[in-house]
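Please look over the sequence and the structure shown below before reading on. The report that follows takes up the strands, the turns and the charged side chains one after another.

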Amino acid sequence: MTEPEDYDDYRETDVLVVGSGIAGCAAALAAARDGADVTVATKATRPEGASSWWAQGGIAVARGDPEQFKRDILTASDNTADPGAVDVLVENADEAVRDVLVDTLDVGFDTESDGEWDFGREAAHDEARILHVDASTGKHVHVPFLNHLDDREDVEILDDTAALDLLTREGRVHGALLERDGEVVPTYAGATVLATGGIGDCYPHSTNPDSSTGDGVAMAALAGADVADMEYVQFHPTVFTDKQGETEPFLVSEAVRGEGAVLRNGEVSEPGGSEARETQSPGGERFMPDYHEDAELAPRDVVARAVQTEREETGEVVLDVSPLDFTGEFPDLAETCEGRGVDWESGIPVAPAEHFLCGGVDVDERGRTSLDRLYAVGECSRTGVHGANRLASTSLLEGLVWGLRAGEDAAGWDPEVVEAPELLNRDPDLPDNFAREKFVRLRRVMDEYVGLRRDPEDLARAQSVLRRLKGEVDAYVRTRTSRSLYELRNASVTALLVTRAAAENGESVGTHNLVDAAETTAD
């Protein structure tokens with residue numbers, strides 16, 4: 001250990017926010033409004049590096065009916081969500097959106113011809129309640145949010161800056177070790193807010209931006225914070241996939257199905273076939289009515305497993321957008337298709353991809369973790385709102401509501417300088433391809449054993465492989481300091497937490513689908 005005064009430089013701030021998505025931005029805004037000086041440290045290079053920028057569908061609001069909104073959230077979660085946490089979300093939804101997104105940021109949500117907001121509907125929502133900007137809401141929220149924080153004198157944003165470890169002492173978090181351009185600097189804070197986003201880099205196919213390595217979850221867990229619901233990993237059912245691998249995947253918003261698009265498999269109906277399996281060009285049979293009474297608007301976990309099953313049995317699934325005015329209602333998506341050579345008129349080929357971690361660092365209604373002065377918000381946190389499966393278009397809202405509450409609660413403490421681990425003299429270099437090869441191994445294990453369908457024996461195999469991998473990574477962490485190494489460490493810790501939680505949960509529910517349990521239910 002080294003005394004901080006031995007460092008050439010260290011930082012102090014009232015509130016340190018790690019991450020710059022909507023949750024981190026909301027926490028920074030609330031803390032600054034409450035009189036705190038705030039530092040936002042983010043690995044992202046603006047703006048595309050944060051998950052919020054990529055959000056398509058929109059942000060759900062209660063529209064004055066929080067009880068119906070609550071029922072939809074609970075139903076989508078298979079009644080596993082925490083009712084108290086859901087109350088916090090739905091009762092604060094309209095005010096938070098109005099205060100920050102409308103009055104402060106002046107986000108130009110889509111409107112009808114009469115000037116009223118054009119609310120969209122998505123899967124498992126009982127009514128249209130989604131505020132949106134075409135199918136690219138995230139960037140229309142995220143960019144003005146960052147610009148607004150830039151204009152504040154009490155907020156400093158450090159981009160391309162990674163948090164390597166939390167600074168802890170006797171159960172209290174005092175900030176984090178931050179790395180930028182190879183230099184590691186302790187940053188001491190009165191309170192620290194983790195808003196590091198998702199775990200997409202643990203899987204080979206994900207809707208998350210690069211470097212979504214579960215940093216917040218791993219750092220908090222290694223510091224001794226409680227985590228919960230880690231087995232609940234949501235897969236988005238409609239991500240464009242190119243069989244030849246020549247076109248980069250992209251998410252096709254749930255809102256497209258909300259406006260009438262249907263899923264079709266690779267088969268053509270035979271005369272006298274199932275009436276539920278309607279056939280029309282483009283594509284083959286429409287299959288979702290066979291899986292759920294809400295068809296394409298069933299909960300995401302149901303649709304994702306159905307899409308995977310139909311792909312395995314028929315070779316392909318396409319999203320047929322012919323029932324709607326695709327270019328008129330979703331011009332951004334249509335432009336994306338055309339720019340990448342995708343003939344959407346023939347159906348958009350889709351497959352499930354990892355999308356959202358419903359669990360994470362366990363927090364209360366103010367985002368407080370089990371460690372003193374450590375908060376977690378957004379996707380890296382487990383508020384209890386999502387349970388085993390997240391309702392569409394609630395991620396931005398959860399990040400906004402809990403970010404505001406955590407930021408306000410985090411203000412008011414002065415930073416305290418404590419001892420920090422010595423990382424400055426460690427070798428920053430890794431063997432060639434070390435991190436890349438380990439990531440390939442980690443993702444293969446997670447894809448094969450801890451994906452949409454899980455088998456208890458496979459989960460045991462995955463734990464064994466991941467424990468060995470983590471041991472190999474830890475050996476290097478003891479002697480080296482590089483961002484890629486710490487990202488690999490965080491991903492391996494997070495993957496192991498997901499797998500361990502999945503192995504310990506014998507109930508097949510929501511996104512946690514056990515093969516044996518599913519087959520027993522079918523019998």
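## Where β1 meets its neighbours

In this predicted model, V15 has V38 of strand β2 as its bridge partner, and this contact belongs to a parallel pairing in which β1 and β2, the latter covering residues 38-41, are joined over four bridges. V15 also stands opposite A191 in β8, so that the residue serves both as a partner of V38 in β2 and as a counterpart of A191 in β8, as its bridges are assigned under the rule for pairing strands.

Strand β1 (residues 11-18) has six of its eight residues buried, and it is therefore largely enclosed by the rest of the structure. With strand β8 (residues 183-194), β1 pairs in the parallel sense over seven bridges, and one of the contacts between these two strands sets R11 against T187 of β8.

## The surroundings of β8

How many residues of β8 are buried? Eleven of its twelve residues are buried, so β8 is largely enclosed by the rest of the structure. Besides its parallel pairing with β1, β8 runs parallel to strand β15 (residues 374-376), to which three bridges join it; in that pairing, V193 has Y375 of β15 as its bridge partner.

The pairing of β8 with β7 is antiparallel and has six bridges, and it includes the contact between R180 and its bridge partner E183 in β8. These two strands form a hairpin with two residues between them, and in the turn D181 has a positive phi of about 55°.

## Positive phi angles in loops

Most residues other than glycine have a negative phi. Against that background, N79, which is not a glycine, has a positive phi of about 60°. N79 is placed in the loop between α3 and α4, where α4 covers residues 83-104, and with a relative accessibility of 61% the residue counts as exposed.

E170 is likewise a residue other than glycine with a positive phi, in this case near 55°. The loop that holds E170 lies between β6 (162-169) and β7 (172-180), and E170 counts as exposed because its relative accessibility is 79%, where exposed means over 50%.

## Salt bridges

Side chains of opposite charge can pair when their charged atoms come close. A search of the whole structure finds 31 salt bridges. Among them is the pair of R11 and E156, whose closest N and O atoms are 3.1 Å apart. Because R11 lies in strand β1 and E156 in strand β5 (residues 155-158), this pair ties together parts that are 145 residues apart in sequence. R11 is partly exposed, with a relative accessible area of 30%, and E156 also counts as partly exposed, at 34% relative accessibility.

Is R129 buried or exposed? At 0% relative accessibility, R129 counts as buried. Its salt-bridge partner is E127, with the closest N and O atoms 3.5 Å apart, and E127 counts as partly exposed at 25% relative accessibility.

A further salt bridge joins D154 to R152, with 3.0 Å between the closest N and O atoms. D154 has a relative accessibility of 19% and therefore counts as buried, since buried means under 20%, whereas R152 is partly exposed with a relative accessible area of 22%. Elsewhere, D364, E365, R368 and D409 are joined into one network by salt bridges that share partners.

## A negative patch on the surface

Which residues form a negative surface patch? The patch is made up of D65, E67, E91 and D126. One of these residues, D65, is found in the loop between β3 (59-60) and α3 (66-76), and with a relative accessibility of 31% D65 counts as partly exposed. That value passes the limit for patch members, because a residue is taken into a patch if it has over 30% relative accessible area and no salt bridge.

Conventions: Residues numbered from 1 in each chain as written. Predicted model: local features only at pLDDT ≥ 70, side-chain atom pairs only at ≥ 80, totals over all residues. Heavy atoms only, no water. Patch = residues over 30% accessible without salt bridge, like charges linked within 9 Å, V, L, I, M, F, W, Y side chains within 5 Å. Areas by Shrake-Rupley, 256 points an atom, 1.4 Å probe, with all protein chains shown as cover. Salt bridge = Lys/Arg side-chain N within 4 Å of Asp/Glu carboxyl O. Lys, Arg positive; Asp, Glu negative; His and termini not counted. Charge placed at Lys NZ, Arg CZ, Asp CG, Glu CD. Buried < 20%, exposed > 50% of the residue type's maximum accessible area, 1.4 Å probe, protein only.
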